[in-house]
Amino acid sequence: MRVLVASSEAIPYCKTGGLADVAGVLFKELNVMNIDARLILPLYSNISRDFELTDTGIELNIFLDGKFYSGRVYTHNRAIFIGCDELYGREGLYGDKTGDFADNALRFSYFCRAILQVCKAIDFRPDIIHLNDWQTSLVPLYLRTEYRGDDFFRDTLTLLTIHNLGYQGLFPPEDLSAVGLGREVFNPDGIEFYGKVNFLKAGILYADILSTVSRRYAEEITTPEYGFGLDGILKKRSNDLFGILNGIDYREWSPEVDKLIQCRYSAEDLKGKALCKEKLMAQCNIKLKKGAPLLAFVGRLSVQKGVELIIAGLDELIGYGCGVIVLGTGTREAEESLLSISLEGRENLYIRLDFDEVFAHSVYAGSDMVMMPSRYEPCGLVQMIALRYGTVPVARNTGGLSDTIEDYNALSDTGTGFLFDDYNLAVFLESIKRALTLYPFGRRWQKLMKRGMKKDFSWRRFASEYVELYKEALKGRMK
Ligand code: ADP
């Protein structure tokens with residue numbers, strides 16, 4: 001089987017978020033599974049600086065928006081890079097401090113066209129082109145239009161994975177010229193979305209199969225509450241829409257082997273976790289009464305992550321006698337609110353407005369609970385990591401959080417965390433209180449921790465699930 005993983009970011013080459021982990025790990029794992037997989041990415045500045053690339057000598061010359069853009073194709077092992085300095089030779093992937101790049105529609109329609117041209121140029125006939133998010137979503141549209149009937153792609157199927165429906169690649173109507181197709185595709189049955197050009201919609205309409213990053217989210221996005229206006233077309237395609245949970249790399253995220261934490265520990269021997277907590281509290285200048293819990297939030301400070309509930313609940317949480325750590329970066333509004341709270345100098349509260357992976361390891365290991373009051377959560381890695389570290393999640397019952405956390409049940413003494421349904425402060429705090437009531441019951445709490453630590457959310461599982469999906473899709477094609 002030949003698979004082309006097309007993504008706008010992938011580890012180890014470039015990363016702004018979880019998409020990079022999923023694409024990079026999937027590509028690597030497919031090759032381990034003896035699948036002929038390639039990865040294709042735009043060549044951003046840092047990649048040519050940090051990796052020794054091979055120049056294939058293949059040139060691209062693509063006419064878009066009234067101009068020819070010339071590009072060149074490079075490789076690094078089995079990864080392929082589309083070089084075009086004018087479009088990608090910059091530091092940011094999608095924007096800089098001033099905001100998104102103004103030519104993103106052009107940059108990513110060029111990338112989508114290049115993906116198909118490169119397949120032909122290197123004579124790689126994919127069985128599956130695995131697309132990710134809006135940046136690669138025009139590929140199925142080009143296959144339906146300009147490449148329709150092209151023998152080269154006769155046996156190629158496209159799978160689009162939606163990592164977050166909140167990001168659709170929406171552009172003003174003038175950007176249709178960057179797509180390079182006529183007005184016949186710009187109508188409500190095509191890629192128009194309330195007067196704008198919508199890249200993701202092209203993928204949703206025309207990819208052969210669709211997936212998203214948890215089963216629950218696959219259902220949710222077909223409803224108006226979570227569909228961001230695309231629920232109607234997603235519902236129509238619900239037979240082709242699958243949910244495959246992301247996974248984490250346990251070689252990096254396991255308290256047994258983690259070199260970035262103060263003291264290693266395991267479900268069998270939890271002593272090290274208490275030491276991690278002590279060190280973390282000292283580092284954050286938090287002084288708690290004996291037996292009081294330490295709560296943490298790690299993540300983007302955004303509306304999606306429910307940051308306003310965290311901010312609004314801080315005083316209550318500290319009032320309950322807990323210590324609270326907030327580690328995140330995000331919207332200016334959220335950062336400013338948190339900064340002013342931190343300047344007020346509350347006891348037992350530590351706020352770090354930074355992206356700090358090393359510190360994140362200590363927070364996961366040293367905290368007793370993580371809070372995830374997300375409005376929506378396609379998959380979520382934070383709770384998976386927390387579970388592995390015996391750090392009990394208190395989270396909203398949505399998306400991937402529902403699929404990975406089992407709500408604690410006092411009668412049956414089962415569950416791995418605490419879930420709440422309604423998005424509001426009182427309900428969120430109720431679930432925290434439920435957790436705080438159980439916390440002093442050391443033996444029950446430890447059993448809860450251990451159940452979570454034993455869950456398996458490894459990336460190996462998700463790579464196999466994608467391969468199964470490819471096979472199913474290809475079987476369907478054969479019929
Ligand atoms: P997202 O929607 O942002 O992709 P996920 O829960 O899927 O959320 O993944 C977030 C990842 O980024 C986790 O690995 C988390 O540990 C990490 N992360 C988020 N914010 C920070 C931060 N400020 N410092 C360090 N790591 C962070």
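The following conversation goes through a predicted model, taking the surroundings of its ligand, then its aromatic rings, and then some points along the backbone.

Biologist: Which residues are the closest to the ligand, and how many residues surround the ligand in total?

Modeller: A residue belongs to this group if one of its heavy atoms lies within 4 Å of the ligand. The closest of the residues are R300, K305, D354, Y364 and L381, and the number that surround the ligand comes to 16.

Biologist: How do the residues of that shell divide into nonpolar, polar and charged?

Modeller: Tyr counts as nonpolar in this grouping, and Gly is placed with the polar residues. Sorted in this way, the shell around the ligand holds 7 nonpolar, 4 polar and 5 charged residues.

Biologist: Which helix gives the largest share of the shell around the ligand?

Modeller: Two helices, α13 with residues 357-366 and α14 with residues 382-388, each supply at least two residues of the shell. The largest share is 3 residues, and the helix they come from is α13.

Biologist: What is the distance between the polar backbone atom of L381 and an oxygen atom of the ligand, and how much of the ligand does the protein bury?

Modeller: A polar contact here is a pair of N or O atoms within 3.5 Å, and for L381 the distance from a polar backbone atom to a ligand oxygen is 2.8 Å. The ligand taken alone exposes 570 Å², and the share of that area buried by the protein is 86%.

Biologist: Which residue has a backbone N or O atom that lies 2.8 Å from a nitrogen atom of the ligand?

Modeller: The backbone of V382 has a polar atom 3.3 Å from the ligand, but the ligand atom concerned there is an oxygen. The residue with a backbone N or O atom 2.8 Å from a ligand nitrogen is D354.

Biologist: How many aromatic pairs are there, and what is the arrangement of F63 and F68?

Modeller: Rings pair if their centres lie within 6.5 Å, and planes over 60 degrees apart count as edge-to-face. The count of aromatic pairs comes to 25. For F63 and F68 the centres are 4.9 Å apart and the angle between the planes is 65°, so with the cut-off of 60 degrees the arrangement is edge-to-face.

Biologist: Is F68 buried or exposed?

Modeller: Its partner F63 has a relative accessible area of 46%, which makes F63 partly exposed. F68 has a relative accessibility of 51%, and because exposed means over 50%, F68 counts as exposed.

Biologist: How many residues apart in sequence are the parts tied together by the pair of Y88 and Y110?

Modeller: Y88 and Y110 form an edge-to-face pair with 6.3 Å from centre to centre and 65° between the planes, and both residues are buried. Y88 lies in helix α3, residues 85-88, and Y110 lies in helix α4, residues 104-121, so the parts that the pair ties together are apart in sequence by 22 residues.

Biologist: Which ring has the charged end of R352 over it?

Modeller: A charge sits over a ring if, among other conditions, CZ of Arg is within 6 Å of the ring centre. R90 lies over the face of F101, at 4.7 Å from the ring centre. The charged end of R352 is 4.0 Å from the centre of another ring, that of F359.

Biologist: Where does the residue that follows the cis peptide bond from I11 lie?

Modeller: Most peptide bonds are trans. The bond from I11 to P12 is cis, with omega near 5°. P12 is found in the loop between β1 and α1.

Biologist: Is D413, a residue with a positive phi, buried or exposed?

Modeller: Most residues other than glycine have a negative phi. N34 has a positive phi near 65°, lies in the loop between α1 and β2, and counts as exposed at 73% relative accessibility. D413 also has a positive phi, near 50°, and is found in the loop between α15 and β20. With a relative accessible area of 12%, D413 is buried.

Notes
Residues are numbered from 1 along each chain as its sequence is written. This is a predicted model: local features need pLDDT of at least 70, side-chain atom pairs count only at pLDDT 80 or more; totals for chains, interfaces and linings use all residues. Side-chain values use heavy atoms; hydrogens and water are left out. A polar contact is a pair of N or O atoms within 3.5 Å; within protein, one must be able to donate a hydrogen and the other to accept it, and residues adjacent in sequence count only if both atoms are side-chain atoms. Accessible areas come from the Shrake-Rupley method with a 1.4 Å probe; for residues, only the protein chains shown count as cover. Helices (H or I, at least four residues) and strands (E, at least two) are DSSP runs, numbered from the N terminus. Rings of Phe, Tyr and Trp (its six-membered ring) pair if their centres lie within 6.5 Å; planes under 30 degrees apart count as stacked, over 60 as edge-to-face and the rest as tilted. Buried means under 20% relative accessible area, exposed over 50%, partly exposed in between (1.4 Å probe, protein chains only). A charge sits over a ring if NZ of Lys or CZ of Arg is within 6 Å of the ring centre and within 35 degrees of the ring normal.
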